[in-house]
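Work through the exercises below with the model open beside you. Try each task before you read its solution.

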Amino acid sequence: SLFLSPAAMAEQQQFYLLLSNLMKSGRDRFVWMFNAKSNILISCLARSFSQMAAVLLRRLMSSSFEEVYPSLAIDVQTAIKTELLAGIQSEGSPNIRKKVCDIAAELTRNLIDDDGNNQWPEILKFLFDSVNSQDVNLREAALHIFWNFPGIFGNQQQHYLEVIKRMLVQCMQDQENPQIRTLAARAASSFILSNESNTALLKHFSDLLPGILQAVNESCYRGDDSVLKSLVEIADTAPKYLRPNLEATLQLSLKLCADTNLTNMQRQLALEVIVTLSETAAAMLRKHTNIVAQIPQMLSMMVDLEEDEEWAMADELEDDDFDSNAVAGESALDRIACGLGGKIVLPMIKQHIMQMLQNPDWKYRHAGLMALSAIGEGCHQQMEAILSEIVSFVLLFCQDPHPRVRYAACNAIGQMATDFAPTFQKKFHDKVISALLQTMEDQTNPRVQAHAAAALINFTEDCPKTLLLPYLDSLVQHLHVIMVAKLQELIQKGTKLVLEQVVTSIASVADTAEEKFVPYYDLFMPSLKHIVENAVQKELRLLRGKTIECISLIGLAVGKEKFMPDASAVMQLLLKTQTDFNDLEDDDPQISYMISAWARMCKILGKEFQQYLPVVMGPLMKTASIKPEVALLDTQDMENMSEDDGWEFVNLGDQQSFGIKTAGLEEKATACQMLVCYAKELKEGFVEYTEQVVKLMVPLLKFYFHDDILHETTITYIPYDLASMPLLLECARVRGPEYLTQMWHFMCDALIKSIGTEPDSDVLSEIMHSFAKCIELMRDGCLNNEHFEELGGILKGKLEEHFKNQELRQAKRQDEDYDEQVEETLQDEDDNDVYILTKVSDILHSIFSSYREKVLPWFEQLLQLFVNLICPHRPWADRQWGLCIFDDVIEHCSPSSFKYAEYFLRPMMQSLCDTSPEVRQAAAYGIGVMAQFGGENYRPAFTEAVPLLVGVIQAPDSRAKENVNATENCISAVAKVMKYRPECVNVNEILPHWLSWLPLNEDKEEAVHTFNYLCDLIESNNSIVLGPDNTNLPKIFVIIADGVANESIKGEDGCSKRMANVIRQVQVSGGLWTQCVSALNETQQKAIQDLLNTA
């Protein structure tokens, strides 16, 4: 009531005070107050004084339940439960009744124990009574509680399944009360979602779907899209539930999407059902080709554009209006193309796009070009086949009479330049560059000019240098003319949009052209410095930031010598901006450009940059330390906040959402990347900052979000964070072993834990790679027993997961929706899994090479899993990496490795003749290290292995591209057996063959082994290698020359010195020298000369 008695008002004030104190107090005081003042609380609850009280109480139940509720007196707990149910029945305000229902649902959620027992049985009775009540408000309350917490039946759910179903069906058929039908459909959806993995239950409840679809349709026309949102969630989480009524679901979604009487949001939600299904159940959808063929409806949404006289002259780029139908249609098309695949989407949509491009109405031509941009990623393979036709057609629209169509043409070119790089650049460089330069001259439409410059940036970023150089002169002249004109415009009119893009285009061209940009340096640098000095107004921040980026990229391109005369002036400009840094607002675009520019200056100046670190590091650490705001919210709170800028949400189910404010995270990523750059470039010069950087970086490993947001947040900077770990250890070395060890201990626990908990495979592989690198740096003793125990458990889990994932993929191959596109997805998943396996191998390699035999007892706990990897029936990648791990055991843990020979020796021998070259290579490498390090026990193996190795080498296609690495490892293995185990083979018989197989060109590491062995043989005057009267020397010269020309031997290693000595000995004997040199071609002669000069 609006008018309260003085006593009631006083009680209400007391209640607010109590709640406010409760929210602020510690646990013990909280419980004491709750118990002491429960009479006020319960009395107020019963009277439902306000919405705020209900909201606060719900928060209390969700966030502090464990700390508070169990400690309350039993009679207080009972009173709360009783009053909640009484409050629901007596409350007159529908809004507050809902809030009290939410509290009841939240309390029940917390009162389900670990065994699934609901410790508040009265609420179940209340549900049954209410749903059968004549009072529509009570029926509504019961459905609201069940919608909010569909797991309310706990372990009794199976027992009550029929009752639940009957309750939902009965309410969905309530003809008199549309709100009951709507709420019942939402409750049914909520129940389905909470049982998404229970296939039998989903099947049992499949006959509720027609009722849900009917409620979607009805509620939309009453202006309520809540059931439609539930349908989107089902499409996302439990798409198989829709299978029996998929046709009806798609038809309804298409009908709603096409209905212009509905709001844009409702139409877009209807489209979202189809788009989501194309991502979560693509194979199921692909079978409904007649429905899929109606997808071009999205194209009609893309035509929903407004005429805007000001558009072409706008000087600010507004963010896309994501609520607009045009943007929603474009995004949907992109996602559907990626989901369903180009094989289905392109043939279906190509005709429509072609018709749109010939439409006299500019909106259709615009939509057609934007559609081409949107489908490039999903239809990549199919579009690539007809790219010439598409590009020729799109380029025509650079001359279209309407500026927004010309803009869309530039957009399509820029997108294709990225999607189809570098094929696009190689095939169409001449046409595209001239079309873009011509469009950039469109002085009357700055917006089009700017977008042509943006497309040019995309083109040059991925353009091979050799292709760009013939156009360099023309490009530079055009860009210079436009820059000068736009600088004048900036001074006269204050317009800057085109200048911003042109400055970035210049930077991109310089970045690709590198040292070839030197002749043009003086053409641009004075104007660029002028912009940085004078563009100080707030509206020019972006221009100034981009210009700073451009100067630093040009400096990096032309190199230190050319840039040095300007370096000091540029540094002063940067320093001046830096000292004003504290005045910059957090969202100032200059910040990230500045941070990147400093790192480029560091690369240019090298060690001379160290003097600037005290100025640079403060703001850099501040940006790298940005902490994103995160929040756990109920659905209602989220709806209030979603307007707020920069928040992204993920639905966690149970009416809860996780939100993160992503603003500033990109800058944070840039800053982390730059810290890595400084550590890498300055090494020990960075030591002063290692401690504070480590203290910043390590906690970031624990910074983990829900998958959907993870991609756009953590993933942006975690790779840089991880790359910094080994680099920081290297920097810290200069401070001595104690400091280094302290730093490592700070990192180590966090790294191991994150290997165990990181859900994203890309980030996980980075963590594992970083950890392996750190162990290689720290060596023996860097891990204690607890570390080994934890790591062993984690690696065991990763391998078991690997095997389980393979089984799951095999099961998916038996699914009724399995098709070739599903197989492609499964292959991608498999590649992902194998990549993690390679990182497991990296970690083990670093441990074996550091700890050697001491680590074998720990390895034995994992032994059986690695033995499983090399079983003959496993996929080739498993066998390859399993063998690599045993190769490491042989190389680093011999002679003790022989006790595991019973597990790996037979599979290794069999693998020498495997059909997979990768497996052959791993097996051959194993035989080589066995000869080199294995010890006496392995001797019998070589007699069997060498004929197998020779068979692989002499196979007709052994030097084919896919086989060459395996073959070269076989050649090296034969060399190692002859060198270290000559008693096991007939060396004299093999040597002539072996010499004919040289040199090794692909595997540089093994090439060094073979050249060293060749030197051993020559230096010992081996008659078979040298031949009678040294007749083989010309052939040996050819082998050496090819090795040098191919960079298999480098000037600085010991092997090249030995080779050079062999050549010098021949040099002094005139006739033989002439004979050897005359056998060489020009390239080989130069290689011999280079070797003599450098070694």
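The exercises cover cysteines, salt bridges, a charged patch and one distant pair.

**Before you start**

This is a predicted model, where local features need pLDDT of at least 70, side-chain atom pairs count only at pLDDT 80 or more, and totals for chains, interfaces and linings use all residues. Residues are numbered from 1 along each chain as its sequence is written, and side-chain values use heavy atoms, with hydrogens and water left out.

**Exercise 1. Cysteines**

Task: Find how many disulfides the structure holds, then check Cys774.

Solution.
- Step 1. Recall the bond: a disulfide is a covalent bond between the sulfur atoms of two cysteines.
- Step 2. Apply the cut-off: a pair of cysteine sulfur atoms counts when within 2.5 Å.
- Step 3. Search the whole structure: the result is zero disulfides.
- Step 4. Check Cys774: its closest cysteine sulfur is in Cys748, 8.6 Å away, which is too far for a bond.
- Step 5. Classify by relative accessible area: buried is under 20%, exposed is over 50%, and partly exposed is in between (1.4 Å probe, protein chains only). Cys774 has 0%, so this residue is buried. Cys463 has 6%, so Cys463 is buried too.

**Exercise 2. Salt bridges between parts of the chain**

Task: Say which parts of the chain the pair Glu389 and Lys350 ties together.

Solution.
- Step 1. Use the rule: a side-chain nitrogen of Lys or Arg lies within 4 Å of a carboxyl oxygen of Asp or Glu. It gives 49 salt bridges.
- Step 2. Test the pair: the closest N and O atoms of Glu389 and Lys350 are 3.8 Å apart, and the two form a salt bridge.
- Step 3. Place both ends: Glu389 is in helix H24 (residues 387–396) and Lys350 is in helix H21 (residues 342–357), so the bridge ties together parts 39 residues apart in sequence. Helices here are DSSP runs (H or I, at least four residues), numbered from the N terminus.
- Step 4. Add exposure: Glu389, at 43%, is partly exposed. Lys350, at 26%, is also partly exposed.

**Exercise 3. Two further bridges and a network**

Task: Find where Glu608 and Lys560 lie, then locate Lys812 and Glu829.

Solution.
- Step 1. Glu608 and Lys560 form a salt bridge, with their closest N and O atoms 2.7 Å apart. Glu608 sits in the loop between H34 and helix H35 (613–624), while Lys560 sits in helix H33 (residues 560–579), so parts 48 residues apart in sequence are tied together.
- Step 2. Glu608 is partly exposed at 39%, and Lys560 is partly exposed at 33%.
- Step 3. Lys812 and Glu829 meet in a salt bridge at 4.0 Å, N to O. Lys812 belongs to helix H43 (residues 785–813) and Glu829 to helix H44 (residues 820–851), 17 residues apart.
- Step 4. Lys812 is partly exposed at 42%; Glu829 is partly exposed at 29%.
- Step 5. Look for a network of salt bridges: one links Arg243, Lys287, Glu816 and Asp817.

**Exercise 4. A charged patch**

Task: Which residues gather with Lys603 in a patch of positive charge?

Solution.
- Step 1. Patch members have over 30% relative accessible area and no salt bridge, and like charges are joined within 9 Å.
- Step 2. Lys607, Lys680 and Lys683 gather with Lys603 on the surface.
- Step 3. Lys603 is in helix H34 (residues 590–605) and is partly exposed at 45%.

**Exercise 5. A distant pair**

Task: How many residues apart in sequence are Pro940 and Cys984?

Solution.
- Step 1. They are 44 residues apart in sequence, but 7.6 Å apart in space, C-alpha to C-alpha.
- Step 2. Pro940 lies in helix H50 (residues 939–953) and is exposed at 62%.

Key: Patches are made of residues with over 30% relative accessible area and no salt bridge: like charges are joined within 9 Å, nonpolar side chains (Val, Leu, Ile, Met, Phe, Trp, Tyr) within 5 Å. Accessible areas come from the Shrake-Rupley method with a 1.4 Å probe; for residues, only the protein chains shown count as cover. Lys and Arg count as positive and Asp and Glu as negative; His and the chain ends are not counted. The place of a charge is taken as NZ of Lys, CZ of Arg, CG of Asp or CD of Glu. Helices (H or I, at least four residues) and strands (E, at least two) are DSSP runs, numbered from the N terminus.
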